[in-house]
Amino acid sequence: MERELLERLLVGNDEASVAALAALRCGGSHVVWEGTTSAGALARVYERRLRHTRRRGIETTSLAHAVDQLGRHQHPVRLGQIRAGVQIT
């Protein structure tokens with residue numbers, strides 16, 4: 001997926017979307033994998049991860065929001081990853 005298209009898709013104002021967009025605009029790398037998965041199945045996986053992190057006191061960025069959004073989404077989704085660029089001074 002082209003960087004510009006991914007930037008246009010990151011329209012949310014939640015903390016994770018804002019951070020992901022900033023990372024892209026600062027030269028971070030990204031990948032969007034081929035194929036799709038069920039939003040509902042992914043919501044269940046992330047919901048278990050959310051419970052695990054809460055039990056252990058681990059901070060997350062917008063994971064509860066992601067679980068909620070995926071639970072409502074009725075279409076397949078694609079997975080991807082954005083990595084912030086490393087600045088060496």
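In the predicted model, buried residues make up 24% of the 89 residues in the protein. The fold comprises four helices and two strands, arranged along the sequence in the pattern α-α-β-α-α-β. Along the principal axes, the C-alpha atoms fill a box of roughly 40 × 30 × 20 Å. Of the contacts with a separation of 6 or more, 72% are accounted for by residues 24 or more positions apart. The exposed area of the protein is about 6,800 Å², of which carbon and sulfur atoms supply 51%.

A search of the whole structure identifies three salt bridges. One of them joins Glu7 and Arg25, with a distance of 3.9 Å between the closest N and O atoms. Glu7 belongs to helix 1 (residues 3-9) and Arg25 to helix 2 (residues 15-25), so the pair ties together parts that are 18 residues apart in sequence. Arg25 is exposed, its relative accessible area being 57%.

Another salt bridge is formed by the side chains of Glu34 and Arg78, at 3.8 Å from N to O. This pair links distant parts of the chain, 44 residues apart. Glu34 is located in the loop between strand 1 (29-32) and helix 3 (39-55), whereas Arg78 is located in the loop between helix 4 (63-72) and strand 2 (80-83). The relative accessibility of Glu34 is 72%, and this residue therefore counts as exposed. Arg78, with a relative accessible area of 41%, is partly exposed.

A salt bridge is also present between Arg72 and Asp68, where the closest N and O atoms are 2.8 Å apart. Both residues lie in helix 4, with a spacing of four residues, or about one turn of the helix. Arg72 has a relative accessible area of 57% and is exposed; Asp68, at 32%, is partly exposed.

With respect to the distribution of charge, a patch of positive charge on the surface is made up of Arg44, Arg48, Arg51, Arg55 and Arg56. Among these residues, Arg56 is found in the loop between helix 3 and helix 4. The relative accessible area of Arg56 is 53%, so this residue is classed as exposed. Over the protein as a whole, there are 13 positive and 9 negative charges, and the mean positions of the two sets are 8 Å apart.

How values were computed: Residues numbered from 1 in each chain as written. Predicted model: local features only at pLDDT ≥ 70, side-chain atom pairs only at ≥ 80, totals over all residues. Heavy atoms only, no water. Salt bridge = Lys/Arg side-chain N within 4 Å of Asp/Glu carboxyl O. Buried < 20%, exposed > 50% of the residue type's maximum accessible area, 1.4 Å probe, protein only. Patch = residues over 30% accessible without salt bridge, like charges linked within 9 Å, V, L, I, M, F, W, Y side chains within 5 Å. Areas by Shrake-Rupley, 256 points an atom, 1.4 Å probe, with all protein chains shown as cover. Lys, Arg positive; Asp, Glu negative; His and termini not counted. Charge placed at Lys NZ, Arg CZ, Asp CG, Glu CD. Contact = heavy atoms within 4.5 Å.
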